[in-house]
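Me: I should like a close look at a single part of this model, namely its helical packing and the residues around it. Please set it out as one connected account.

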Amino acid sequence: MSFQYWRCSRSDAIARLQRINDALMQAERALIDDRGLHGRTWFKHQIYAPGFYTGYAALPLPDLRQVIEDGRGSDAKEAANRITEAVKRATEVLKQGRG
């Protein structure tokens, strides 16, 4: 990032920060899958959610992790694909918000 980025008017800086904030919010929303997690459809975020056995303690990649812990290797590909789709959606949102 160049220092010239910050050498702009206050209103330009505020507008730029607003675009960045909006892009980050949209990227976070893109990590949600309306299908929810396997067996816990009320949890929709594909990157973090409470673990199945941990109460409220958040775990990364909860669907994939649960599949592995339960020994359901046949479901691992679907869980990984859903995570990949979510990350791709978020990436596209951030690319669009760069302007």
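**The helical packing and its surroundings**

Reply: Gln-96 has its place in helix 3. The model described here is a predicted one. Gln-96 is exposed, because its relative accessible area is 66% and the cut-off for that class is over 50%. Between Gln-96 and Tyr-53 there are 38 Å from C-alpha to C-alpha, for a sequence separation of 43 residues. Tyr-53 returns below, as a contact of a residue in helix 2.

Helix 3 comprises residues 76-96, and it packs with helix 1, which comprises residues 10-30. The angle between the two is about 165 degrees, and their axes are 8 Å apart. Helix 1 is therefore roughly antiparallel to helix 3, since an angle over 145 degrees counts as such. The crossing of helix 1 past helix 3 is right-handed. On the side of helix 1, the contact is formed by Ala-23, Leu-24, Gln-26, Ala-27 and Ala-30. On the side of helix 3, the contributors are Ala-86, Arg-89, Ala-90, Val-93 and Leu-94. By class, the residues of this contact comprise eight nonpolar, one polar and one charged.

Helix 3 also packs with helix 2. Here the axes come within 8 Å of each other and cross at roughly 165 degrees. Helix 2 and helix 3 are therefore roughly antiparallel to each other. The crossing of helix 2 past helix 3 is left-handed, whereas that of helix 1 past helix 3 is right-handed. Helix 2 supplies Asp-63, Leu-64 and Val-67, which meet Ala-76, Ala-79, Ala-80, Arg-82 and Ile-83 of helix 3. The residues of this second contact divide into six nonpolar, no polar and two charged.

Asp-63 deserves a closer look. Its place is in helix 2, which spans residues 62-69. With a relative accessible area of 5%, Asp-63 is buried, because the limit for that class is under 20%. Beyond residues up to four places away in sequence, Asp-63 touches Gly-36, Leu-37, His-38, Gln-46, Ala-79 and Arg-82. Of these, Ala-79 and Arg-82 are also among the helix 3 residues that meet helix 2. A polar atom of the Asp-63 side chain lies 3.0 Å from the backbone nitrogen of His-38. Val-93, one of the helix 3 residues in the contact with helix 1, is 23 Å from Asp-63, C-alpha to C-alpha, at a separation of 30 residues in sequence.

Gln-46, which Asp-63 touches, lies in the loop between helix 1 and strand 1 (48-50). Gln-46 is buried, with a relative accessible area of 1%. Not counting residues up to four places away in sequence, Gln-46 touches Leu-31, Asp-33, Gly-36, Leu-37, Leu-61, Pro-62, Asp-63, Arg-82, Ile-83 and Ala-86. Among these contacts, Arg-82 and Ile-83 also belong to the helix 3 residues that meet helix 2, while Ala-86 takes part in the contact of helix 3 with helix 1. Gly-36 and Leu-37 are touched by Gln-46 and also by Asp-63.

Leu-61, another contact of Gln-46, is found in the loop between strand 2 (58-60) and helix 2. Phi of Leu-61 is near 50 degrees, a positive value in a residue other than glycine. Leu-61 is partly exposed, with a relative accessible area of 33%.

Gln-66 also lies in helix 2. At 7% relative accessibility, Gln-66 counts as buried. Neighbours within four places in sequence aside, Gln-66 is in contact with Phe-52, Tyr-53 and Arg-72. The C-alpha atoms of Gln-66 and Tyr-53 are separated by 9.4 Å, and the two residues are 13 apart along the chain.

Conventions:
Residues numbered from 1 in each chain as written. Predicted model: local features only at pLDDT ≥ 70, side-chain atom pairs only at ≥ 80, totals over all residues. Heavy atoms only, no water. Helix = DSSP H or I, 4+ residues; strand = E, 2+ residues; numbered from the N terminus. Buried < 20%, exposed > 50% of the residue type's maximum accessible area, 1.4 Å probe, protein only. Contact = heavy atoms within 4.5 Å. Polar contact = N/O pair within 3.5 Å; in protein donor to acceptor, adjacent residues only side chain to side chain. Axes fitted to C-alpha atoms, helices over the stretch in contact; angles between N-to-C directions. Parallel < 35°, antiparallel > 145°, perpendicular 65-115°, else oblique. Left-handed = near helix turned anticlockwise from the far one by under 90°. Nonpolar A, V, L, I, M, F, W, Y, C, P; charged D, E, K, R; others polar.
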